[in-house]
Amino acid sequence: MKKLLGLLLVLIAGIALYLLLTPSKIDPLAWDAPKAPAMTGVMEPNDTLMKAELLGKGQLNGPEDTAVDAQGRVYGSQQDGSIVRIGSDGKVEPFAHTGGRPLGMAFNANGQLIVADAFKGLLSVDPHGQISVLTTEADGVPFKFTDDLEIASDGRIYFSDASDTFAQHDYMLDLLEARPHGRLLRYDPATGKTEQLLDGLYFANGVSLSQNQDFVLVNETYRYRITRYWLKGDQAGTHDVFIDNLPGMPDNLQSDGAGTFWVALPSPRKDSADLLHQYPWLKTQISKLPRALWPKATPYGLVIQVDENGQIIRSLHDTSASHLRMITSAKAVDGYLYLGSLENDRIGKLKLD
């Protein structure tokens, strides 16, 4: 017993010494998160997502976002840098490989697939899978984590740089640091110019335009909110909070073109994670630990529908996380909702009422 106790004390001393001597990659701030809203009313758990058809099951690797072309073929941006295409027969075939980590995707009016690649910047992929780089920096600051995008009717591309400090594989460090490193940007293909619309965002993620394109929304994942930037009218050039204190961390965001938005929430809120933000020193020590010991998200499937007044009007759940979990994108196309994920080996296709 004494020998066991001695070994335990040596182990504890070793861990303490390791934490003391290991430099931290973050300089965290304290944040007092608001109390998470109750999962009641419109947020009442259900199993609607269990009804989704599963595309490419077992053949995909973290299809974070999806896109659908004019022929109805579905594209998925994968963990290994590839973009795959799924035909009407369900066959999965390679389409392109960016050499980075493709995330948000959308087709422009010319049939080019525009891709936000976390490492390569904003890309354009032609129908044959040939890739060209559109932009990699704004105001002299290179993109560190190009994330999501939306294409306006005039061809300009609104997109996010989630963090100008931490790259995609270090997204948890950005969370722990709790500093505003994100940006909302706009690229004009007619001039080749990239401009910064907003900075100081807490992990700028999903991007979407309103039905009339008078404002653009950007998710601030690590503040559980969506920020609105006005493009037209008396408030043009200003921004405000569109919806705050969401029940989960918002990832991608997509307009249905009819006055509502679909917001993917990869995981519901955790009280322990919110509490952790109050203790910067503790976050510093956690950042030094092996990643296997870092806090984990709760397995769950969750998507919400929000109107243009910032009100949640519907929620879709997979409480078991067995069918669809860690959902990072939800796109409404021709009466179906296509669901991407950082973890799933499939894409969900849910028929909308």
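**Close-up views of a predicted model**

**View 1. The second largest pocket holds about 440 Å³ of space.** Keep in mind as you look that this is a predicted model. Around the second largest pocket there are 22 lining residues, and Glu150, Gln254, Ser255, Ala332 and Val333 are the ones nearest its centre. Several strands give two or more residues to this lining: strand 2 (66-68), strand 6 (102-107), strand 12 (146-151), strand 20 (253-255) and strand 24 (327-333). Sorted by class, the lining of the second largest pocket has 11 nonpolar, 6 polar and 5 charged residues.

**View 2. The largest pocket offers about 1,000 Å³ of space.** Its lining is made of 40 residues, with Tyr171, Met172, Pro295, Ala297 and Met326 lying nearest the centre. Two elements, helix 2 (171-177) and helix 3 (271-276), give two or more residues to this lining. Which element gives the most to the lining of the largest pocket? That is helix 2, with 4 residues. The lining of the largest pocket divides into 21 nonpolar, 10 polar and 9 charged residues.

**View 3. Four strands make an open, antiparallel sheet in the order 16-17-18-19.** Why is one side of strand 16 (204-209) and of strand 19 (239-243) left without a neighbour in the sheet? Each stands at an edge and has a single partner strand, so nothing in the sheet pairs with the other side. On average, neighbouring strands here are turned by 30° against each other, direction ignored. In this sheet, strand 17 (residues 215-220) and strand 18 (residues 225-230) pair in the antiparallel sense over 6 bridges. To find your way around this pairing, look for Phe215, which stands opposite Trp230 in strand 18.

**View 4. Arg73 and Asp69 join their side chains in a salt bridge, at 2.8 Å from N to O.** This view and the next two show salt bridges, of which the whole structure has 14. Arg73 counts as partly exposed because its relative accessibility is 22%, whereas Asp69, at 11%, counts as buried.

**View 5. Asp161 and Arg183 meet through their side chains in a salt bridge, at 3.1 Å from N to O.** The pair links distant parts of the chain, with Asp161 in strand 13 (residues 157-161) and Arg183 in strand 14 (residues 182-188), 22 residues apart. Are these two residues buried or exposed? Both Asp161 and Arg183 are buried.

**View 6. Arg186 forms a salt bridge with Glu195, and their closest N and O atoms are 2.8 Å apart.** Arg186 has a relative accessibility of 13%, so this residue counts as buried. Glu195 is partly exposed, with a relative accessible area of 26%.

Terms used:
Residues are numbered from 1 along each chain as its sequence is written. This is a predicted model: local features need pLDDT of at least 70, side-chain atom pairs count only at pLDDT 80 or more; totals for chains, interfaces and linings use all residues. Side-chain values use heavy atoms; hydrogens and water are left out. On a 1 Å grid over the protein atoms alone, a cavity is a set of points where a 1.4 Å probe fits but cannot get out, and a pocket is an open set with protein on both sides within 12 Å along at least five of seven lines; lining residues have an atom within 4 Å of a point. Grid points are joined across faces, edges and corners, and a volume is the space filled by probe spheres set on the points. Ala, Val, Leu, Ile, Met, Phe, Trp, Tyr, Cys and Pro count as nonpolar, Asp, Glu, Lys and Arg as charged, and the others, Gly among them, as polar. Two strands pair if DSSP finds at least two bridges between them. Axes are lines fitted to C-alpha atoms, for helices over the stretch in contact, and angles run from 0 to 180 degrees between N-to-C directions. A salt bridge is a side-chain nitrogen of Lys or Arg within 4 Å of a carboxyl oxygen of Asp or Glu. Buried means under 20% relative accessible area, exposed over 50%, partly exposed in between (1.4 Å probe, protein chains only).
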